[in-house]
Amino acid sequence: MNFEEARAQFPVLERLAYLNAGTNGPLARATVDAMIEQEREDLEEGRGGGAYFERALALREEVRGKLGELVGVPAENIALATSTTNGCNIVLAGLGLAPDDEIVTTDGEHFGLIGAMGASAARVRVAKVRELPPEQALDVLLAEVTPKTRLLALSHVCWMTGNRFPVEELKEATGLPLLVDGAQSAGAIPVDASRFDFFACSCQKWACGPDGSGALAVADPEALGIAAPSYLSQESYEPEGEFTARPGALRFDPGWTPPPVLAGLAAALDAAPEWRYERAAEATAHCRELLAERFDVVTAPDQGTLVTFAVEGDTAELVKRLYEEGVVVRDVPGQGWIRVSCGWWTSDEDVDRLLGALA
């Protein structure tokens, strides 16, 4: 499948320069067709009986396997979370951190992680690395680590600046448990989550899946408590509340994912071409190069697939005007920044349309 054929899967690209997969990726025809077909099957066959549950459970495991391939871990280490936020909450609640414990994070995190840390009992230490060059971040992060540090929790790619945080280097230098927010990396750049203790991601972004889909990779499921069990967490239980947990990360599945969502996600994961990461990197570099000729670009070269740049005036109004001209981007509130998402489907014409609308 060549670039034109792969890009043609997304009808929205016929109308818009869609540059906001960091929020929601475009939906492919095959993704929506799979969801509709599953809905039709549920309509006609019903959502009960042995055959229905066999199909639904088989679909769960099919998707679990595909998600494992996406982030580089075995299927049994994947929980079917509903979002990055959901995954972060599962981890922070399950760790049972105490008031004397500390978490090290950055000043460039999304509330999906910030909220989970804030709801824990631990003290949060914030490394101010958001506006530093990426190569300077590690030393600043290490300076926040103390004997009380029980968790490192930070993004793979910062949702604000588009720069990578040194998650692998931080883990190697400290050996401490590491929770990675992979919202801006899973499906956008190659990911090897086997190097992390916990990796949470949303699948409606760069994987172009349906809303309400995500994943949590857990390296050692038995070492993480089940703070909010669902029916899917157990293999057997007693009236008094004791239960036998399911093996692996399956015990952290937060609930019943609708089969149409699973069907759509399976189709979306299958639709991505083998060359997606190389093409996304090329599109991002091209976009950054052109923007840097006219704007102060916040994102360093060779990071992820986001490009953030500074503009004068009201960024929310600019985003609105760009949308009216057929260009979809977003702003970073309170920073005076515009964020552009470049996927493997992004064409040179999309970037030219952005630059033309910014004139």
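**Pockets, cavities and the elements around them**

In this predicted model, the second largest pocket is lined by 18 residues, and A281, T284, D302, Q303 and G304 are the ones nearest its centre. Its volume comes to about 190 Å³. Helix α9, which covers residues 276-292, provides the largest share of this lining, with 6 residues. Sorted by class, the lining of the second largest pocket holds 10 nonpolar, 5 polar and 3 charged residues.

The largest pocket has a volume of about 240 Å³. Its lining counts 19 residues, and those closest to the centre are G22, H110, A183, Q184 and K205. Two helices, α4 (84-95) and α5 (111-119), each contribute at least two residues to the lining of the largest pocket. Here the classes divide into 5 nonpolar, 10 polar and 4 charged residues.

Attention can now turn from the open pockets to the enclosed spaces. Rolling a probe the size of a water molecule over the atoms reveals where empty space remains. Across the whole structure, the search finds 3 cavities of 30 Å³ or more. The largest cavity has a volume of about 90 Å³. Of the 14 residues that line it, W206, A207, C208, A268 and A272 are closest to its centre. Helix α8 gives the most to this lining, namely 3 residues. The classes in the lining of the largest cavity are 11 nonpolar, 2 polar and 1 charged.

The second largest cavity holds about 50 Å³ of space. Its lining is made up of V63, L67, L80, A81, G212, S213, G214, T257, V261, L262 and L265. By class, 7 of these residues are nonpolar and 4 are polar, with no charged residues. Both α3 and α8 supply at least two residues of the lining, and the largest share, 3 residues, comes from α8.

Helix α3 deserves a closer look. This helix spans residues 50-71, 22 residues in total, and reaches 32 Å from its first C-alpha to its last, close to the 32 Å expected at 1.5 Å a residue. Its buried residues are Y52, A56, L59, R60, V63, R64, K66, L67, G68, L70 and V71. As a guide to reading such a list, an α-helix has 3.6 residues a turn, so residues three or four places apart point the same way. V63 and L67, both buried in α3, also belong to the lining of the second largest cavity. The cover over the buried residues of α3 includes the helices α2 (29-45), α8 (259-271) and α9, together with the strands β2 (78-79), β7 (198-202) and β8 (214-218). After α3 comes G72, with a positive phi near 80°.

The strands that help to cover α3, including β2, β7 and β8, also take part in a sheet. In total, 7 strands form this open sheet, in the order β2-β8-β7-β6-β5-β3-β4, and the pairing is mixed. At the edges stand β2 and β4 (123-127), each with a single partner strand, so one side of each has no neighbour in the sheet. Within the sheet, strand β5 (residues 149-155) pairs with strand β6 (residues 178-181) in the parallel sense, over 4 bridges. One position in this part of the sheet is A153, whose bridge partner in β6 is L179.

Conventions. Residues are numbered from 1 along each chain as its sequence is written. This is a predicted model: local features need pLDDT of at least 70, side-chain atom pairs count only at pLDDT 80 or more; totals for chains, interfaces and linings use all residues. Side-chain values use heavy atoms; hydrogens and water are left out. On a 1 Å grid over the protein atoms alone, a cavity is a set of points where a 1.4 Å probe fits but cannot get out, and a pocket is an open set with protein on both sides within 12 Å along at least five of seven lines; lining residues have an atom within 4 Å of a point. Grid points are joined across faces, edges and corners, and a volume is the space filled by probe spheres set on the points. Ala, Val, Leu, Ile, Met, Phe, Trp, Tyr, Cys and Pro count as nonpolar, Asp, Glu, Lys and Arg as charged, and the others, Gly among them, as polar. The expected span of a helix is 1.5 Å times one less than its number of residues. Buried means under 20% relative accessible area, exposed over 50%, partly exposed in between (1.4 Å probe, protein chains only). Contact means heavy atoms within 4.5 Å. Two strands pair if DSSP finds at least two bridges between them.
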